[in-house]
Each structure stands twice: as C-alpha cells, then as structure tokens.
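Open the model in your viewer and keep the selection panel at hand. This tour moves from stop to stop and says what to select next.

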Amino acid sequence: MSMRTFAGVIAGLLFAVGGVVSQAHGSEMDEGTTITFAQPVEIPGQVLGPGSYYFVRVDNGNSPDVNLIQIFNSDHTKVIATIQTVTTERPDASGKTVLTFAEGATDGPPALRDWFYPGSLEGHEFLYPKREEKHIEEAKQIAVAADEKGEVRVRGVSGD
C-alpha cells in the first residue's frame, strides 16, 4: 500500500471514530462506554454503520464474563452484537477509552481490534474468523483515544 493511501486510511480513521465519546461510562464493573463512529467500522461478523453504540461487558450474575462483550444501539434498547473476546494487555493505562484498528482489506472499513476501558491495563481483543485473522494481525495498526471533549487524536501506528 502506498504511503498516500495509508495516509488516507489514517485520515479516515480520525473521521471514523469522529468522537469516541467515553465520558458517559457505566459502572467500572461492566465497562459500559458509548462510542460514536462517523464511518463504517468492521467488528467480527458484521460492519457497524456510522452512529453511536454502547459497548458493555456482559455480567452473568456474580461472576461477570470478562471476555463477552455486547454492543447495543445508542439508546441501549437493541443488542447489535454479542462478541467473544480475549483479554489483552497494554504497557500503560490511559484515562481515556482507547480503540485499536487494523487497516481494512481492499477498500473495506477498518477492523476494530482492541478496546481498552479508561484506566485499565487489560482490554478486550476481538476475535475474527481465521480467514480474516491473518490479515488483521499483519495490517497496519492505529490506536485512537478520546480526550475530555470526545475529540480523537492518533496515538500511534505500528510499522512506522
């Protein structure tokens, strides 16, 4: 991929996560977070269109399944997806929601790879089918964090 195309992908991601809004958290137990995308974003099994979604860790009574994530519509009335994840770690905690995206396959939307709740060193790595997993692992990665105003800045890109 040319540097110009990659720059376009980065610019698209800045608009894609047009305001990761993480100020209205649920409890820390369920890690509830509202995230707003300005363009389509791939999650395992489907593509989320532009709009706001509520990401939450499923709580099964007294023993929450830390690896099962549900994504709801913006008013929390409809489950869009229930996704199994695995725990992933990062070296430094941030006070902000941080999402990591993998560059999308040929003209496809970026794929959501990881979601980190503010202040947590452990996050959720989304599991993709084997046919997509290799591409996602090899694709350029970009981490995007929300600031106090919900504005997004590029935190880092692998391979640079």
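Two strands pair if DSSP finds at least two bridges between them. Helices (H or I, at least four residues) and strands (E, at least two) are DSSP runs, numbered from the N terminus. This is a predicted model, in which local features need pLDDT of at least 70 and side-chain atom pairs count only at pLDDT 80 or more, while totals for chains, interfaces and linings use all residues. Residues are numbered from 1 along each chain as its sequence is written, and side-chain values use heavy atoms, with hydrogens and water left out.

**The whole chain**

Start with a cartoon view. There are 2 helices and 11 strands. In sequence order the pattern is α-β-β-β-β-β-β-β-β-β-α-β-β. Of the 160 residues, 45% are buried (under 20% relative accessible area; exposed is over 50%, partly exposed in between; 1.4 Å probe, protein chains only).

Now colour by pLDDT, the predictor's confidence in each residue, from 0 to 100. The chain averages 76, and 69% of the residues score at least 70. Select residues 2–25: pLDDT is below 50 here, yet the stretch has 61 contacts in the model beyond near neighbours in sequence. A contact means heavy atoms within 4.5 Å. Then select residues 149–160. Here too pLDDT stays under 50, with 33 contacts beyond four places in sequence.

**Strand 5 and its partners**

Select residues 68–73, which form strand 5. Buried residues account for 5 of its 6, so the strand is largely enclosed by the rest of the structure. Add strand 4 (residues 51–57): it pairs with strand 5 in the antiparallel sense over 5 bridges. Add strand 6 (residues 79–89), which also pairs with strand 5 in the antiparallel sense, over 5 bridges.

Which residues flank Ile69 in these pairings? Arg57 stands opposite Ile69 of strand 5. In strand 6, the bridge partner of Ile69 is Ile83.

Next, pick His76. This residue sits in the hairpin of strand 5 and strand 6, which has 5 residues between the strands. His76 takes a positive phi near 65°.

**Aromatic pairs**

Show the rings of Phe, Tyr and Trp (its six-membered ring). They pair if their centres lie within 6.5 Å; planes under 30 degrees apart count as stacked, over 60 as edge-to-face and the rest as tilted. The count comes to 2 aromatic pairs. Phe37 and Tyr53 form a tilted pair, 6.1 Å centre to centre with 45° between the planes. Phe37 lies in strand 1 (residues 33–37) and Tyr53 in strand 4, so the pair ties together parts 16 residues apart in sequence. Both Phe37 and Tyr53 are buried.

Move to Phe55 and Trp115. Their ring centres are 5.7 Å apart and the planes stand at 65°, so this pair is edge-to-face. The pair links distant parts of the chain, with Phe55 in strand 4 and Trp115 in strand 8 (residues 111–116), 60 residues apart. Phe55 and Trp115 are both buried.

**The nonpolar core**

Select Phe37, Phe55, Phe101 and Leu112. These have the most contacts inside the largest nonpolar core, which has 23 residues. Such a core is a set of buried Ala, Val, Leu, Ile, Met, Phe, Trp, Tyr and Cys residues joined through side-chain atoms within 4.5 Å. Strands that each supply at least two of its residues include strand 7 (98–102) and strand 10 (141–146).

**Last stop: Gly45**

Is Gly45 buried or exposed? At 74% relative accessibility, Gly45 counts as exposed. Find it in the loop between strand 2 (41–43) and strand 3 (46–48). Now add Tyr128: Gly45 and Tyr128 are 83 residues apart in sequence and 7.6 Å apart in space, C-alpha to C-alpha.
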